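Visitor: I am new here and would love a short tour. Could you show me what we will be looking at?

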Amino acid sequence: MDLDYFKLIDRIVDLNLDEKRIIVEAQVPAAHTIFEGHFPGFPIMPGVLLTEAMAQSSGWLLLGLLKFERMPFLAIVKEAKMRGFVPPGTLLTIEAKLEHEGSGFAVTKAKARAGKDLKCSAEITFGLAPFPDSSMRGYMDEMANKIGFPLQAITQ
């Protein structure tokens, strides 16, 4: 997890396009300046960043389902629930599943766990649009390679 650049997904564990589901891992840093103010003496991962990690996981699922032909843009977060504290050093496993896609939008449901403990969940809606330019598409291809996106899954 690279908090400074909002790269919150470390590795894709499983991408199942038939089931419209993805599982990723995100290692919360053991130390970072964000924990100095959130909260002194009791550092925890901010809920907004947990929500962003679920959105990024969902985004990678959508990129796979869309075969990198359109880009998902965060539009709505509903039913976001923080269910427990996430301290520095925690390994999160995030699962996202497509609920609906059509009319230029997609809806996913996502959950983040630390071990077996559910830490947060949300329903997330995305707008789907063409990539704004070729450099953005190239950047996404580069990031896909870094996190182990199985490109063979979208070439079948």
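Visitor: Is Glu79 buried or exposed?
Guide: This is a predicted model, so the answer rests on computed values. A residue counts as exposed when its relative accessible area is over 50%. Glu79 has a relative accessible area of 56%, so it is exposed.

Visitor: With which residue does Glu79 form a salt bridge?
Guide: Side chains of opposite charge can pair when their charged atoms come close. For Glu79, the closest N and O atoms of its salt bridge are 3.0 Å apart. The partner counts as partly exposed, at 36% relative accessibility. That partner is Lys81.

Visitor: How many residues apart in sequence are the parts that the pair of Arg70 and Glu101 ties together?
Guide: The side chains of Arg70 and Glu101 meet in a salt bridge, at 3.5 Å from N to O. Arg70 lies in the loop between helix 1 and strand 3, whereas Glu101 lies in strand 4. Arg70 is partly exposed, with a relative accessible area of 28%, and Glu101 is partly exposed too, with 39%. The parts tied together by this pair are apart in sequence by 31 residues.

Visitor: Which residues are linked in a network of salt bridges with Arg21?
Guide: Arg21 counts as buried, at 14% relative accessibility. One salt bridge joins Arg21 to Glu19, with the closest N and O atoms 3.1 Å apart, and Glu19 counts as partly exposed at 40%. The network linked with Arg21 holds Glu19 and Asp14.

Visitor: Let us turn to the core. Which helix gives the most to the largest nonpolar core?
Guide: This core has 47 residues, and Met45, Trp60, Phe68 and Ile94 touch the most other members. Several elements each supply at least two residues, among them strand 4 (91-102), strand 6 (117-129) and helix 2 (134-147). With 9 residues, the element that gives the most to this core is helix 1.

Visitor: Is Trp60 buried or exposed?
Guide: Leaving aside neighbours within four places in sequence, Trp60 is in contact with residues including Ile9, Ile22, Met140 and Phe149. Buried means under 20% relative accessible area. Trp60 has 8% relative accessibility, so it counts as buried.

Visitor: Why is the pair of Trp60 and Phe149 called tilted, and what angle do the planes make?
Guide: A pair of aromatic rings is described by the distance of the centres and the angle of the planes. Planes under 30 degrees apart count as stacked, over 60 as edge-to-face and the rest as tilted. The centres of the Trp60 and Phe149 rings are 5.9 Å apart, and the pair is tilted because the planes are at 45 degrees.

Visitor: What is the arrangement of the rings of Phe68 and Phe149?
Guide: Both Phe68 and Phe149 are buried. Their ring centres are 5.1 Å apart. The planes are at 85 degrees, so this pair is edge-to-face.

Visitor: Which residues form one aromatic cluster with Phe149?
Guide: Phe149 lies in the segment after helix 2, whereas Trp60 lies in helix 1. Phe68 lies in the loop between helix 1 and strand 3 (71-82). The cluster with Phe149 is formed by Trp60 and Phe68.

Visitor: One last stop, at the surface. Which residues make the nonpolar surface patch with Phe39?
Guide: Phe39 is found in the loop between strand 2 and helix 1. At 42% relative accessibility, Phe39 counts as partly exposed. The patch covers about 330 Å², and the residues that make it with Phe39 are Phe42 and Phe85.

Methods: Residues are numbered from 1 along each chain as its sequence is written. This is a predicted model: local features need pLDDT of at least 70, side-chain atom pairs count only at pLDDT 80 or more; totals for chains, interfaces and linings use all residues. Side-chain values use heavy atoms; hydrogens and water are left out. A nonpolar core is a set of buried Ala, Val, Leu, Ile, Met, Phe, Trp, Tyr and Cys residues joined through side-chain atoms within 4.5 Å. Buried means under 20% relative accessible area, exposed over 50%, partly exposed in between (1.4 Å probe, protein chains only). Helices (H or I, at least four residues) and strands (E, at least two) are DSSP runs, numbered from the N terminus. Contact means heavy atoms within 4.5 Å. Patches are made of residues with over 30% relative accessible area and no salt bridge: like charges are joined within 9 Å, nonpolar side chains (Val, Leu, Ile, Met, Phe, Trp, Tyr) within 5 Å. Accessible areas come from the Shrake-Rupley method with a 1.4 Å probe; for residues, only the protein chains shown count as cover. A salt bridge is a side-chain nitrogen of Lys or Arg within 4 Å of a carboxyl oxygen of Asp or Glu. Rings of Phe, Tyr and Trp (its six-membered ring) pair if their centres lie within 6.5 Å; planes under 30 degrees apart count as stacked, over 60 as edge-to-face and the rest as tilted.
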